[in-house]
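Thanks for coming, everyone. I have one structure to walk you through today. Have a look at it, and then we'll start.

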Amino acid sequence: QVQLVESGGGLVQPGESLRLSCAVSGNILAFEDVGWYRQDPGKQRELVASISRDGNINYADSVKGRFTISRDNAKNTMYLQIPSLKPEDTAVYLCNAGVVIFSRRHDYWGQGTQVTVSS
């Protein structure tokens, strides 16, 4: 069974940085792509960044140039580096992994890690 476990969230002040981690059970390269989503209460879950099996990276326009997604294949772990946090970055950040089986995508999710940016 696939398990995704996030860590690294917390309460920080504006301008501080965080690095989120997502540990993936099994071989991270077995997935079509892995990525980070975020969700604020009452808002739709949005894609923050993703990285495909062959290394192609995609960022949401709202975080492009600020967030950095990376992957350590040897550790089966994905990261999201967030420098200069803003209050609007407050959300639950969720790890996602997708696999395509017979042309149908299956998504796996972690439980999420809370990021709160407040002075």
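Let me begin with a question: does Ser103 count as buried or exposed? Ser103 counts as exposed, because its relative accessibility is 77%. Before I go further, a caution: this is a predicted model.

Stay with Ser103 for a moment. Ser103 sits in the loop between S9 and strand S10, which covers 104-109. Its phi is near 70°, a positive value in a residue other than glycine. Most residues other than glycine have a negative phi.

Phe102 lies in that loop between S9 and S10 too. At 83% relative accessibility, Phe102 counts as exposed. Phe102 also takes a positive phi, near 50°, in the hairpin of S9 and S10, which has two residues between the strands. Now set Phe102 against Val2. In sequence, 100 residues separate Phe102 and Val2. In space, C-alpha to C-alpha, Phe102 and Val2 are 18 Å apart.

How do S9 and S10 pair? The sense is antiparallel, over six bridges. One pair to look for is Gly98 and its bridge partner in S10, Asp107.

There is another serine to look at. Ser84 is found in the loop between S8 and S9. Ser84 is not a glycine, yet its phi is positive, about 45°. Here the relative accessibility is 42%, so Ser84 counts as partly exposed.

Now step back to the whole chain. How many helices and strands does the protein chain have? Zero helices, and 11 strands. From the N terminus on, every element in the run is a β. The radius of gyration is 14 Å, close to the 14 Å that the globule rule gives for 119 residues, so the chain is as compact as a globular protein of that length.

A few more overall numbers. The C-alpha trace spans about 45 × 30 × 25 Å along its principal axes. Buried residues make up 40% of the 119 residues. Take the contacts with a separation of 6 or more: 53% of them join residues 24 or more positions apart. The chain exposes about 6600 Å², and carbon and sulfur atoms supply 46% of that.

Next, the open sheet. Which strands form it, and in what order? Four strands, in the order S1-S3-S8-S7, with antiparallel pairing. Strand S1 (4-7) and strand S7 (68-72) stand at the edges, each with a single partner strand, so one side of each has no neighbour in the sheet. From one strand to the next, the twist averages 20°. S1 and S3 run antiparallel, joined by four bridges. Within that pairing, Val5 stands opposite Ala23 in S3.

Let's turn to S4. Why is S4 described as largely enclosed by the rest of the structure? Because six of its seven residues are buried. S4 has antiparallel pairings with S5 and with S9. Six bridges join S4 to S5, and seven bridges join S4 to S9. For the S5 pairing, look at Arg38, whose bridge partner in S5 is Glu46. For the S9 pairing, look at Asp33, whose bridge partner in S9 is Gly98. You have met Gly98 already, as the residue whose bridge partner in S10 is Asp107.

S4 and S5 also form a hairpin, with six residues between them. In that turn, Gly42 has a positive phi of about 85°.

Last topic: the core. The largest nonpolar core has 29 residues. Which of them touch the most other members? They are Trp36, Val48, Phe67, Ile69, Met78, Leu80 and Tyr93. Several strands each supply at least two residues of this core: S3 (18-24), S4 (33-39), S5 (46-52), S8 (77-82), S9 (91-101) and S11 (113-117). The largest share, five residues, comes from S9.

Take Val48 as a way into that core. Leave aside its neighbours within four places in sequence. Val48 is then in contact with Trp36, Tyr37, Arg38, Asn58, Tyr59, Ala60, Val63, Phe67, Leu80 and Tyr93.

To recap, the chain has 11 strands and zero helices. S9 gives the core its largest share, and the loop after S9 holds the exposed Phe102 and the exposed Ser103. That's it from me.

Key. Residues numbered from 1 in each chain as written. Predicted model: local features only at pLDDT ≥ 70, side-chain atom pairs only at ≥ 80, totals over all residues. Heavy atoms only, no water. Core = buried A, V, L, I, M, F, W, Y, C linked by side-chain atoms within 4.5 Å. Buried < 20%, exposed > 50% of the residue type's maximum accessible area, 1.4 Å probe, protein only. Contact = heavy atoms within 4.5 Å. Pairing = 2+ DSSP bridges. Rg over C-alpha atoms; globule rule 2.2 N^0.38 Å. Areas by Shrake-Rupley, 256 points an atom, 1.4 Å probe, with all protein chains shown as cover. Axes fitted to C-alpha atoms, helices over the stretch in contact; angles between N-to-C directions.
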